Amino acid sequence: MPQWDAQDYHGSSGAQQKWARELLPKLRLAGHERLLDIGCGDGKVTAELAAHLPDGSVLGIDNSAEMIGFAQAHFPPARFPNLRFQIADAARLDFDAEFDVVFSNACLHWVRDHRPVLAGIARSLRPAGRVLLQMGGRGNAADILTLVEPMIAGAEWGGWFRGFQFPYGFHGPDEYRGWLEAAGFRRHRVELIPKDMTQAGRDALCGWIRTTWLPYTQRVPEARRRAFVEELADRYLAEHPPAGDGLVHVGMVRLEVEAERD
Ligand SMILES: C[S@@+](CC[C@H](N)C(=O)[O-])C[C@H]1O[C@@H](n2cnc3c(N)ncnc32)[C@H](O)[C@@H]1O
């Protein structure tokens, strides 16, 4: 399991936060719902969700103890009375008809088999409960992957990547619709959405790679990680230089899923 640096993620995840905020209107919150945020990370998005639920409540779950510890420390019950965090695995949800809404942003591509996740979500929802998930989908970050693959097969870095397997579940609508139906969701929308991620220059690009491309960076010994991240960023910038305003653009593809229980 990757070791997240919650503080570093907190400072380098503006892109994920921006996309989460874009999802908010699609949640159509009335203000009284009980919501589950799967893969809540550092908790800042979860706290924004809680602010939209003055008469409801939010539980953020994550399987990283580091992330949950950070979220609990930064968003304590004394200041956020309708918000709680707990360690839990998305593939082993243990809730029974507790939630009106299940939300997840930028998490579920970390899980390769989504069938147990969807079965757990279906069990967690009350009748007529809704789910809104966004994650990396088929074709996500292809320009980064095209550059990292020769790096991890090459002479300098390859020794640390023996037996390495592609870590992400970047799925598409065809297989996903079937999994939703099998979990009991009959009304659903599943779309691949191309998204332009912007990073404010080389340091921000390095920050994003350093804080989220953990299955790759953590293969490399700590003393060499910075060099690995910078080489990947520099290879990327050589092929995709910053625009006139200094912003670096990365082509991403999100899989967005909306579904409702009977
Ligand atoms: C990129 S962060 C996204 C955090 C937050 N949702 C956001 O939008 O900023 C991905 C999070 O998913 C969590 N995660 C990955 N696999 C998970 C799993 N199987 N169960 C629960 N959380 C998981 C990671 O620990 C990490 O905190």
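# A guided tour of the predicted model

Start by selecting helix 1, residues 6–12, which is where you will find Asp8. Keep in mind along the way that this is a predicted model. Asp8 counts as partly exposed, because it has 14 C-beta neighbours inside 10 Å. Now add Arg210 and Thr211 to your selection: Asp8 touches both of them, leaving out residues up to four places away in sequence. Add Gly207 as well, and draw a distance between the C-alpha atoms. Asp8 and Gly207 are 199 residues apart in sequence, yet 8.1 Å apart in space.

**Next stop: the sheet**

Select the strands and look at how they line up. Seven strands form an open sheet with mixed pairing, in the order 3-2-1-4-5-7-6. Which strands stand at the edges? They are strand 3 (83–87) and strand 6 (187–199); each has a single partner strand, so one side of each is left without a neighbour in the sheet. From one strand to the next, the twist averages 15°.

Stay with strand 6 and add strand 7, residues 248–260. These two run antiparallel and are joined by 13 bridges. To see one pair of partners, highlight Leu192 and look across to Leu255 in strand 7.

Then move to strand 4 and strand 5. This pair runs parallel, with six bridges between the two strands. Here, Val101 stands opposite Arg130 in strand 5. Is strand 5 largely enclosed or largely open? Nine of its twelve residues are buried, so strand 5 is largely enclosed by the rest of the structure. For a contrast, click on Ala128, which also lies in strand 5. Ala128 counts as exposed because it has 9 C-beta neighbours inside 10 Å. Its phi is near 70°, a positive value in a residue other than glycine.

**A helix against the sheet**

Select helix 5, residues 115–124; its buried residues are Val117, Leu118, Gly120, Ile121, Ala122 and Ser124. Helix 5 packs on the sheet, where it touches strand 1, strand 4 and strand 5, and its direction makes about 145° with that of strand 5. What covers the buried residues of helix 5? The cover includes strand 1 (34–38), strand 4 (99–105), strand 5 (125–136) and helix 7 (173–182).

While you are here, look for Phe95 in the loop between strand 3 and strand 4. Phe95 is in contact with Arg123 and Ser124, leaving aside neighbours within four places in sequence. Its C-alpha atom is separated by 9.5 Å from that of Ala122, 27 residues away along the chain. Phe95 counts as partly exposed because 16 C-beta neighbours lie inside 10 Å.

**Inside the cores**

Now show side chains and select Leu35, Val102, Ile121 and Val131. In the largest nonpolar core, which has 51 residues, these four touch the most other members. Strand 5 gives the largest share of this core, five residues. Center the view on Val102 and pick out its contacts: Leu36, Ile38, Ile121, Ser124, Leu125 and Val131, leaving aside neighbours within four places in sequence.

A second, separate core has 16 residues, including Leu205, Trp208, Ile209 and Tyr236. Zoom in on Leu205, which belongs to helix 8, residues 202–212. Leu205 is buried, because 26 other C-beta atoms lie within 10 Å. It touches Gln199, Ala233, Tyr236 and Val248, not counting residues up to four places away in sequence. You can also draw a line from Leu205 to His249: the two are 44 residues apart along the chain, and their C-alpha atoms are separated by 9.3 Å.

**Around the ligand**

Select the ligand and the residues around it. How many residues surround the ligand? There are 22, and the closest are Gly39, Gly41, Ser64, Ala90 and Trp110. If you color this shell by residue type, it divides into eleven nonpolar, nine polar and two charged residues. Helix 2, residues 14–27, gives the most to the shell, with three residues.

**Last stop**

From helix 2, follow the chain into the loop that leads to strand 1, where Arg28 sits. Is Arg28 buried or exposed? With 10 C-beta neighbours inside 10 Å, Arg28 counts as exposed. Check its backbone too: Arg28 has a positive phi of about 45° although it is not a glycine.

Note on methods
Residues numbered from 1 in each chain as written. Predicted model: local features only at pLDDT ≥ 70, side-chain atom pairs only at ≥ 80, totals over all residues. Buried ≥ 20, exposed ≤ 12 C-beta atoms within 10 Å, placed from the backbone. Helix = DSSP H or I, 4+ residues; strand = E, 2+ residues; numbered from the N terminus. Contact = placed C-beta atoms within 7 Å. Near = placed C-beta within 6 Å. Nonpolar A, V, L, I, M, F, W, Y, C, P; charged D, E, K, R; others polar. Pairing = 2+ DSSP bridges. Axes fitted to C-alpha atoms, helices over the stretch in contact; angles between N-to-C directions. Core = buried A, V, L, I, M, F, W, Y, C linked by C-beta atoms within 7 Å.
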